[in-house]
Amino acid sequence: MSQLSWSPTATLRKGLRIFLPISLALTIYLYFFPFFGKCAFPLPPVQHNAPADTGYHAFLETVKLHLSLPAVPIDETDPTSTPTVTPSRPLAPFRLLALGDPQLEGDTSIPTEYLGVFPHVKSLFRHLTFQTSHASLRWRLRQCFHEIVDIFFEDVFNLAESYRKRFDHWGNDYYLAHIYRTLHWWSRPTHVTVLGDLVGSQWITDDEFYWRAHRFWNRVFKGGERVPDDVAMYPADEYDLTGYLSTSGPANDSSVWTKRIINVAGNHDIGYAGDINTNLTARFEDAFGKINYELRFELPLTNKSLTSTLFDALDNPLSDRLVPELRLVVLNDMNLDTPALSTELQDDTYSFINSVINTASAVQFKGHFTLVLTHVPLYKPDGVCVDSPLFTFHDHDGTLKEQNQLSLAASKGFLEGMLGMSGNKDAPANGQGRRGIILNGHDHEGCDTWHYINQSFVEEETLVQDEDGAYEIERKQREWEVKRYKQAKKESLIGREDMPGVREVTVRSMMGEFGGNAGLLSVWFDEEEWEWKAEYATCPMGTQHLWWVVHFMDFFVILGAVLLAGAGVAGWFGVDVDRAVVRGLRRMVDGRKRRRGTGERGERHERHRGEGERHRDDRGKSRDRGALKDRTRSKSRRRLERRGVTPDHQLWSEAKKRLDHGKS
């Protein structure tokens, strides 16, 4: 048996030795990216006045949630007590996994859905069957040729692009799902929110909208649940608690709220103020939950002796301490600015905000915390964040068409109304307002800012002369200012008594082109200060290209391993796989050569046939020249016969010479 010069199985084995470790390493990184990125919810500090831990210790406590450490009984004096493993330091009782702007695309981006499959073939058929009118037959034929060209240069490419788009949508859904699923498993949040733009367009049909909603709940956030309508409450003076923040268990989380997704309406869900109507809001609320509501969570006191320090109108009227409570406000701020298409829906939004303000605790009391979830960020001057202030309006009716931020007036409604802050020192609680934080989306790049007002600023009036020489009074008043959070922290603007302020976090988008980002917000209660505190961190996974590369590589590595295993099994049964593969490849190559050779023989045949025709033409010309010579000889013979000379074959040349000599 002849020795093979190349072994396919050996080549496959060498390839697996190279790509298997790479594939395994990338897969481990992809499915444990929060571990390698050291992602964790910020950890409450040990000392009440210390900053939260967002580094090593927070990461270490998260790791402990996933380790099987030696079990320690709850009660060491009782060996039969249930063993448990708990972190060394308690986690924050409220941990919010914040995701921004997934923007699920759909059929509106697929060419075959809005153009049809091979539309130019149908047009060509209509032209050929005289279902269209043309000025002349020449124009009809001209249009037919155009349709034929478009079939190859448009229809074929649109069909290929449509298949690519569908595959891309499928992969993007599972890319987003991977971010949610992996971070939810690793970080153990108590609550989850998606901050608007759940789908990619507000102008899609109802069928398309509900199909994207199906993908949202069954692919991207599989296992998640919308907040029930009876739980999403409207603000009221007498209210029922939504639930209690757990302080027990390793992760002090709730099995109910870890599954629920708190959805916020965005411009791609219901439109801007000039687009919002009852149909858009109704279908959003049907699929994802209400657009305006509040949730109230109470934190049970672990130290029962502190209950005696709480405010009570009869027993303890001088106390400023309330039962620790976190108020979560979900607000549709898409129609806060004007002009709006539906004044009725806009009035509903303003009524909701007024109810939030009227049912809030007085700013003099401590213990309540307000978390506002919305979509469009508050006003910021140009240069603070990536998105600058932008307002555009519809030409047909002048309503609001697009905006990057809220107006300054609408932003003041958040700061001075919902949070109760003021630039006046003589205001209740010295204008400090209520503790809180604002989370939103919309700006895909993300931004972390601090809004504040300087109470020590001295308002003044100056006389200014304009270009016409007239004088007018210019007033410099206290205004709300905003800086990047890190810059404000560096300049010691946070926590100053004469500068009340609040933190606003615009969560960077979870879309692939923005790195698959997620926000991690921790809120905990400081019993010594009797105030809530919050800290925010981020956890990016990486672009969608990493997800695609890893899964394609895994697919081909698994396929190669299966083929190699199949070759090994076949070898047990005496099948020489290498020889069979090489023989098959040779047959394939020989077949191509034979097909190529048949073509070459055909070309040679045509070439030889052409040469034969040329030869026949040359022979015909030779015969014509011979016949001319014979006719010339016949004339000469007849002339000799008339002179009495018998043309003998032997004497013919001599007689011809004499004849020619006689002519001369």
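In what order do the eight strands of the open sheet lie? To find out, open the model, which is a predicted one, and select the strands one after another: the order is S6-S8-S9-S10-S13-S18-S14-S17, and the pairing among them is mixed.

**Before you start**

Colour the whole protein by secondary structure, and you will have 15 helices and 20 strands to navigate by. Colouring by pLDDT instead shows an average of 87 for the protein, with 84% of the residues scoring at least 70. Residues 71-76 call for caution, since pLDDT stays under 50 over this stretch, for which the model has eleven contacts beyond four places in sequence. Of the 664 residues, 43% count as buried, and among contacts between residues at least 6 apart in sequence, 78% join residues at least 24 apart.

**Stop 1: the open sheet and its edges**

Return to the sheet and select its edge strands, S6 at residues 243-244 and S17 at residues 480-484, each of which pairs on one side only. From S6, move to strand S8, residues 293-298, which runs parallel to S6 and is joined to it by two bridges. If you label tyrosine 244, you can look for its bridge partner in S8, which is glutamate 298.

**Stop 2: two helices on the sheet**

Now add helix H10, residues 343-358, which packs on the sheet and touches both S8 and strand S9 (321-330); the direction of H10 makes about 170 degrees with that of S9. Next add helix H11, residues 408-418, which lies across S9, S10 (366-373), S13 (435-440), S14 (447-453), S17 and S18 (501-506), and runs at about 100 degrees to S17. With the side chains of H11 displayed, pick out its buried residues, which are Ala410, Ser411, Phe414, Leu415, Gly417 and Met418. Follow the chain onward from H11 to glycine 420, whose phi is positive, near 70 degrees.

**Stop 3: arginine 327**

Select arginine 327, which lies in strand S9. Is this arginine buried or exposed? Arginine 327 counts as buried, because its relative accessibility is 5% and the cut-off for a buried residue is under 20%. Among the residues that arginine 327 touches, leaving aside those up to four places away in sequence, are Pro235, Glu294, Leu295, Arg296, Ser355, Val356, Phe369, Thr370 and Leu371. Draw a distance from its C-alpha atom to that of glycine 436, and the separation is 9.0 Å, although the two residues are 109 apart along the chain.

**Stop 4: the largest cavity**

Stay with arginine 327, which is one of the residues lining the largest cavity, together with Arg296, Glu325, Ala360, Ser361, His368, Phe369, Thr370 and Arg434. S9 and S10 are the elements that give two or more residues to this lining, and S10 provides the largest share, three residues. About 60 Å³ of space lies in this cavity, and the structure holds three cavities of 30 Å³ or more.

**Stop 5: the largest pocket**

Turn next to the largest pocket, in which about 1,200 Å³ of space lies. Of the 45 residues that line the pocket, the closest to its centre are Arg435, Trp450, Ile494, Gly495 and Trp532, so these five make a convenient selection for centring the view. The elements that give two or more residues to the pocket lining are S10, S13, helix H12 (485-490), S18 and S20. Which of them gives the largest share? That is S20, with five residues.

**Stop 6: the hairpin of S19 and S20**

Keep S20, residues 531-538, selected: this strand is mostly covered, with six of its eight residues buried. Add strand S19, residues 519-526, which pairs with S20 in the antiparallel sense over eight bridges. One place to look along this pair is serine 522, which stands opposite glutamate 535 in S20. The hairpin has four residues between its strands, and here tryptophan 530 takes a positive phi near 55 degrees.

**Stop 7: threonine 399**

Finish at threonine 399, in the loop between strand S11 (391-393) and strand S12 (400-403). Although it is placed in a loop, threonine 399 counts as buried, at 5% relative accessibility. Show its surroundings and, not counting residues up to four places away in sequence, you will find that threonine 399 touches Gly274, Pro339, Ala340, Leu341, Thr392, Phe393 and His394.

Definitions and conventions
Residues are numbered from 1 along each chain as its sequence is written. This is a predicted model: local features need pLDDT of at least 70, side-chain atom pairs count only at pLDDT 80 or more; totals for chains, interfaces and linings use all residues. Side-chain values use heavy atoms; hydrogens and water are left out. Two strands pair if DSSP finds at least two bridges between them. Contact means heavy atoms within 4.5 Å. Axes are lines fitted to C-alpha atoms, for helices over the stretch in contact, and angles run from 0 to 180 degrees between N-to-C directions. pLDDT is the predictor's confidence in each residue, from 0 to 100. Buried means under 20% relative accessible area, exposed over 50%, partly exposed in between (1.4 Å probe, protein chains only). On a 1 Å grid over the protein atoms alone, a cavity is a set of points where a 1.4 Å probe fits but cannot get out, and a pocket is an open set with protein on both sides within 12 Å along at least five of seven lines; lining residues have an atom within 4 Å of a point. Grid points are joined across faces, edges and corners, and a volume is the space filled by probe spheres set on the points.
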